[in-house]
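Visitor: I have a model open and a pile of labels to go with it. Can you walk me through how the labels are earned?

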Amino acid sequence: MAEDLKRVIIDYIKKEYLDEDSDEEITEDTKLISGGIVDSFSMVSLKMFLEKKFHIKIPDEKATPEAFDSVNNILTLVKEFVHS
Amino acid sequence: MAYAENTKSHFADELKSIRTSGLYKEERYIGSPQAARITVEYPEGAAPREVINLCANNYLGLSSHPEVLEAARKGLESRGFGLSSVRFICGTQDIHRELEQRLSEFLGTEDTVLFPSCMEANAGLFEVLLDKDDAMIADRLVHASIVDGMRLCKAQLYNYKHSNMAHLEEKLQETQGCRFRMIITDGVFSMDGDIAKLDEICVLAEKYNALVVVDDSHASGFLGKRGRGTHEHCGVLGKIDAITTTLGKALGGAAGGCVSGRKEIVELCRQRARPYLFSNTVPPVVVAATLKVLELLSRSTERRDKLESNTKYFREQITKAGIDIREGVHPIVPIMLYNAKLAQDFARDLYAEGIYVVGFFFPVVPQGQARIRVQISADHERQHLDKAVAAFAKVGAKYNILGKKKDEIITLYGA
């Protein structure tokens, strides 16, 4: 389950934020916000994707740059709401 | 008054963290009008010195143009200094109406409403037009003021990869269920000087029944054969539903902005845009001077033509000198250095050579894309540009980057 979630998120980030010809690798630890891959503006669409995909609602106060800074952080955030 | 010790120390810590992360912005004191050559006191307390200014938005060199100054003086005498009112109480003079009409004629739109700035035009526009059933689809590199404006609006926010039309189309398909869709872009992107593909955007907008909004702050007055802006440059005059732009760059450079476009959109802004309703009117001096600017630009394209040839000349010469730039046609010329420290050191050394420029780095530009942003003006003469190119070559030689491209510079300095 966790592996599937991880793959879905990584695939989305690659498709949505990297250029087609980019050879950048995204792993679960890659810094997304502080590494400059996802800016704070684009984070909104990432949040929306997660909400739609996993049928959850992430409150704005939880959608911090830290919470979105890596796939692992995102997984922790998503799991919190999937199970609640 | 309860400025408690812990409050004060919290603010002080915030400032400290801005400094330690290298993001503290220093202001430099200029003791002359805005022009190609300015007198600057830098660092603070140093003897003022004259330098060539390569970082103003004074694209057409009209900020201190004698005819513009004279019009401002006349405006001051005939309409006063301030109006002490918002527009709809007692802050609308005949010249405000006239400027709105002239801007509509110049931009080729149905109607225009003035705002205190383009920042405020962007802050007000989206909330007025869209609601939660609608979608805003913005280029990922739009200006911060558009991002702020979109945050104030309840519509769903989507964004597409910078200037990537296939990605924009995906977003348009994804949002088919929304009531209204709005494509939002800068006409010219301020950090790269690249131009939005407005022709392709308009085709997609038509295909998917979407509105198009363009912030043309870095284009109004000089892009396009008659200087009307990005929509003229891309051959889509009359097809943009709303243009937001500033009077604070090429069009005199003092203050003010506007929303210009479809009649109903403009009228709704006049009725409902909060930054318009609750801000003071644009000062008569600014209005009078901007009327003169539009008269000058309608009379002759000489200034935008000179800007175009200055830009072409500088881009050719700086490339010949071996400096790595982002290619393009816009007077924003990004000098690519990739490394933040190198960009700052380079700018400091250029200042020592009498060239005033500023280094930009993350988070203002993406990580690993640090640069110096040069902005060319119609006020520059060839001798200014030659001196600037020579200074770039000298400093470039010092840092051993002449003739080197991205990978080689990053190998030397890191990204």
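Guide: Let's start with a cut-off: a salt bridge is a side-chain nitrogen of Lys or Arg within 4 Å of a carboxyl oxygen of Asp or Glu. On that rule, a search of the whole structure turns up 42 salt bridges over all chains. Keep in mind that this is a predicted model.

Visitor: What makes Lys6(A) and Glu28(A) a salt bridge?

Guide: Their closest N and O atoms are 3.4 Å apart. The limit is 4 Å, so the pair qualifies. The two partners are 22 residues apart, with Lys6(A) in helix 1 of chain A and Glu28(A) in the loop between helix 1 and helix 2, so this pair links distant parts of the chain.

Visitor: Why is Lys6(A) called buried?

Guide: Its relative accessible area is 14%, and buried means under 20%, so the label fits Lys6(A). Glu28(A) comes out at 26%. That lies between the 20% and 50% cut-offs, so Glu28(A) counts as partly exposed.

Visitor: How do you know that Arg7(A) and Asp11(A) pair up as well?

Guide: Same recipe: the closest N and O atoms are 3.2 Å apart, and with a limit of 4 Å that is a salt bridge. Both residues lie in helix 1 of chain A, four residues apart, about one turn of the helix. Arg7(A), at 44% relative accessibility, is partly exposed, and Asp11(A), at 38%, is partly exposed too.

Visitor: What separates Glu267(B) and Lys263(B) along their helix?

Guide: About one helical turn, because they are four residues apart in helix 10 (residues 263-272) of chain B. Their side chains meet in a salt bridge at 3.7 Å, N to O, which is within the 4 Å limit. Glu267(B) has a relative accessibility of 40% and Lys263(B) has 43%; partly exposed runs from 20% to 50%, so both get that label. Elsewhere in chain B, salt bridges that share partners join Lys341(B), Asp345(B), Arg348(B), Asp349(B) and Lys398(B) into one network.

Visitor: Which salt bridge involves Glu170(B)?

Guide: The one with Lys15(A), where the side chains meet at 3.2 Å, N to O. Across the interface of chain A and chain B, the rule finds three salt bridges, plus nine residue pairs in polar contact. Helix 1 (2-17) and helix 2 (43-54) of chain A each supply at least two residues of the side that touches chain B, and helix 2 gives the most, with four. By class, that side has six nonpolar, six polar and five charged residues.

Visitor: How much area do chain A and chain B bury between them?

Guide: About 1,300 Å², 46% of it on carbon and sulfur atoms. Glu16(A), Phe41(A) and Met48(A) supply 43% of the area that chain A buries against chain B, more than any other three residues. The contact takes 17 residues from chain A and 17 from chain B.

Visitor: Last one: why is chain A called as compact as a globular protein of its length?

Guide: Chain A has three helices and zero strands. Its radius of gyration is 12 Å, close to the 12 Å that the globule rule gives for 84 residues, so the label holds. The C-alpha atoms fill a box of roughly 40 × 25 × 20 Å along the principal axes, and 46% of the residues of chain A count as buried.

Conventions
Residues numbered from 1 in each chain as written. Chains lettered and ligands numbered in written order. Predicted model: local features only at pLDDT ≥ 70, side-chain atom pairs only at ≥ 80, totals over all residues. Heavy atoms only, no water. Contact = heavy atoms within 4.5 Å. Buried area = accessible area lost by both parts, 1.4 Å probe. Polar contact = N/O pair within 3.5 Å; in protein donor to acceptor, adjacent residues only side chain to side chain. Nonpolar A, V, L, I, M, F, W, Y, C, P; charged D, E, K, R; others polar. Buried < 20%, exposed > 50% of the residue type's maximum accessible area, 1.4 Å probe, protein only. Rg over C-alpha atoms; globule rule 2.2 N^0.38 Å.
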